[in-house]
Amino acid sequence: MSGSAFEMLRVLVVEDNHHMSSLIRTLLNSIGIREVHEAGNGAAALDVLREKRCDLVLSDLAMKPMDGIEFTREVRMSPRSVNPFLPIVLITGYTERCRVEAARDAGVTEFLAKPITAQSLFARLAEIVERPRAFVRCGAYFGPDRRRKQAENYAGPWRRHDDHNDLQV
Amino acid sequence: MKKAQVIPPDSYPQMMSKSDAAKISRILRSSEAVAKGARVIKDAGQKLRAGVREYVRELEDAIGDHQITSEKAHDIRGFAETAGLRATGRIADGLCRYFEELEKLDAAPDGAVVTLHVSAIARAAHAEEESSRMNDVVVKELAALVSHKLAETKALHPRKNSN
C-alpha cells in the first residue's frame, strides 16, 4: 500500500492527549507515512516547525498554553513563520459555531470532527492533497480562501466587493 | 479597503506533484486503507479505553469547577467513541451540549445535572458490556433531563433566548 509519495510526506501531529497522538501516528504509519513528529501544544509545535520540515499539520483545538487557533494564526501571520501556506487540519471535539468560525478566520485549511475514524481522517488528507486551496491575503487575514462553494443561483461577475474595479465591461 | 490578493495553488509550493497527489488520494480513499486503519484503531482499543478512564477520573475530580468539567467532558466526547466506548461518548456529548447551550445563555449549570452526567459517564466507561440496553436508556433519560433543564433556563433568560 505504501507508495513513495507517502514515504516522502512529513506530518506534524499537535495533540495534548498522548493516546490520541499515538493513535494518529499509527494510522499515518499504516498508510506508509514514516516521518511523523509530535508536539503537545501550539507553542511546542512552532518549535518543531523551526527545526523540522513538515508538509502537513494535524492539530487539536483545545490545548494549553497555546491552542490550535493561536498556533494556526502564528503559522499564517507571523513574520517568523517557516511556511505560511502549510496545510493545517484542525481536529476538534468542539463543534460550536463560534469556535469553528474563529478557527476558519485564523486560517485553518480543513476541519475534522472528533471522534475520528480511519475513514474520516484519510478523507480529509485526500481532500488536502487532491484539492489544494487558493490563499487569500486581505486586510488582517491571510489563509486559505474561505469560500468553498460557488452559489448555484448566482450568475453575476463579482465575487468580492472590490472585484468591479477590475472588471472590463 | 485594501484589495484582496488571491494566490492560486500553482503559485505557491505544493507538498507533492499532481500525479503523486492523485495516486495518494486514490489510496487514501480505498477500502483497503480504510479497513487497515480501522484495524489499527481496534487493536489500540485497550490502551485507548485506559486513556478514556484517565480522563474520566479527572472529570470526577473536577466536579464543582464547571470550566474544567466542561473541558474534560469535551476531551471524553472527542475520544471515547474512537476507543470503542460509544455510550460514554454519547453521555459526554449530552453534557457538552448542556454546557455549550448554557454558555450561549450566559447561565450557570445546575450542579445536579452535571453530577448525574459525570456519574453516568464513569459507570459507562467502566461497564463490562458497553453496548447494553441500560446505557441506551441512560443516554435517553439524561438527554430528556438536559432538554427540560435548558427549557427552564431559557424561560428565565428570555432576551438571550430570542437571539
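This is a short dialogue on reading a predicted model, with chain B and its contact with chain A as the main theme.

Trainee: Let's start with chain B alone. Which elements does chain B have, and in what order do they run from the N terminus?

Mentor: Chain B holds eight helices and one strand. The order from the N terminus is β-α-α-α-α-α-α-α-α, so keep that strand in mind for later.

Trainee: What radius of gyration does chain B have, and what would a compact globule of 163 residues have?

Mentor: Chain B comes out at 21 Å, whereas a compact globule of 163 residues would be near 15 Å. Along the principal axes, the C-alpha atoms of chain B fill a box of roughly 55 × 55 × 25 Å.

Trainee: Now the interface. How much area is buried between chain B and chain A?

Mentor: The general idea is that an interface is often sized by the accessible area lost when the parts come together. Here that area is about 4300 Å², with 65% of it given by carbon and sulfur atoms. On the chain B side, B:Lys3, B:Met15 and B:Leu28 lose the most area to chain A, together 16% of what that side buries. As for residues, the contact takes 44 from chain B and 52 from chain A.

Trainee: How many residue pairs are in polar contact between the two chains?

Mentor: Between chain B and chain A there are 10 such pairs, counting residues that are both at pLDDT 80 or more. Several elements of chain B give two or more residues to this side, including strand 1 (5-7), helix 1 (18-28) and helix 5 (86-105). Helix 2 of chain B supplies the largest share, eight residues. By type, the chain B side divides into 22 nonpolar, eight polar and 14 charged residues.

Trainee: How many salt bridges cross the interface of chain B and chain A?

Mentor: Side chains of opposite charge can pair when their charged atoms come close. The rule finds three across this interface. One of them joins B:Arg29 to A:Glu127, with the closest N and O atoms 3.5 Å apart. Over all chains, the structure holds 22 salt bridges.

Trainee: Where do A:Lys114 and A:Glu15 sit in chain A?

Mentor: Their side chains meet in a salt bridge at 3.3 Å, N to O. The pair links distant parts of the chain, 99 residues apart: A:Lys114 is in the loop between strand 5 (110-113) and helix 6 (118-130), and A:Glu15 is in the loop between strand 1 (10-14) and helix 2 (18-30).

Trainee: Back to the strand of chain B. In which sense do strand 6 of chain A and strand 1 of chain B pair?

Mentor: They pair in the antiparallel sense over three bridges. In this pairing, A:Arg137 stands opposite B:Gln5. Strand 6 of chain A also pairs with strand 7 (residues 141-144) of chain A, antiparallel over four bridges, and there A:Arg137 stands opposite A:Phe142. The hairpin of strands 6 and 7 of chain A has two residues between the strands, and A:Gly139 takes a positive phi near 55 degrees.

Trainee: And the backbone? Which residue of chain B has a positive phi although it is not a glycine?

Mentor: As a baseline, most residues other than glycine have a negative phi, and most peptide bonds are trans. B:Asp106 has a positive phi of about 55 degrees; this residue is in the loop between helix 5 and helix 6 (111-126) of chain B.

Trainee: Where does the cis peptide bond from A:Lys64 lead?

Mentor: That bond leads to A:Pro65, with omega near 0 degrees. A:Pro65 is in the loop between strand 3 (56-60) and helix 4 (68-77) of chain A. A cis bond also joins A:Lys114 and A:Pro115, where omega is about 0 degrees. A:Pro115 lies in the loop between strand 5 and helix 6 of chain A, and A:Lys114 is the residue you met in the salt bridge with A:Glu15.

Notes:
Residues are numbered from 1 along each chain as its sequence is written. Chains are lettered from A and ligands numbered from 1 in the order in which they are written. This is a predicted model: local features need pLDDT of at least 70, side-chain atom pairs count only at pLDDT 80 or more; totals for chains, interfaces and linings use all residues. Side-chain values use heavy atoms; hydrogens and water are left out. Contact means heavy atoms within 4.5 Å. Buried area is the accessible area (1.4 Å probe) that two parts lose on being put together, summed over both. A salt bridge is a side-chain nitrogen of Lys or Arg within 4 Å of a carboxyl oxygen of Asp or Glu. A polar contact is a pair of N or O atoms within 3.5 Å; within protein, one must be able to donate a hydrogen and the other to accept it, and residues adjacent in sequence count only if both atoms are side-chain atoms. Ala, Val, Leu, Ile, Met, Phe, Trp, Tyr, Cys and Pro count as nonpolar, Asp, Glu, Lys and Arg as charged, and the others, Gly among them, as polar. Two strands pair if DSSP finds at least two bridges between them. The radius of gyration is taken over C-alpha atoms; the globule rule is 2.2 Å times the number of residues to the power 0.38.
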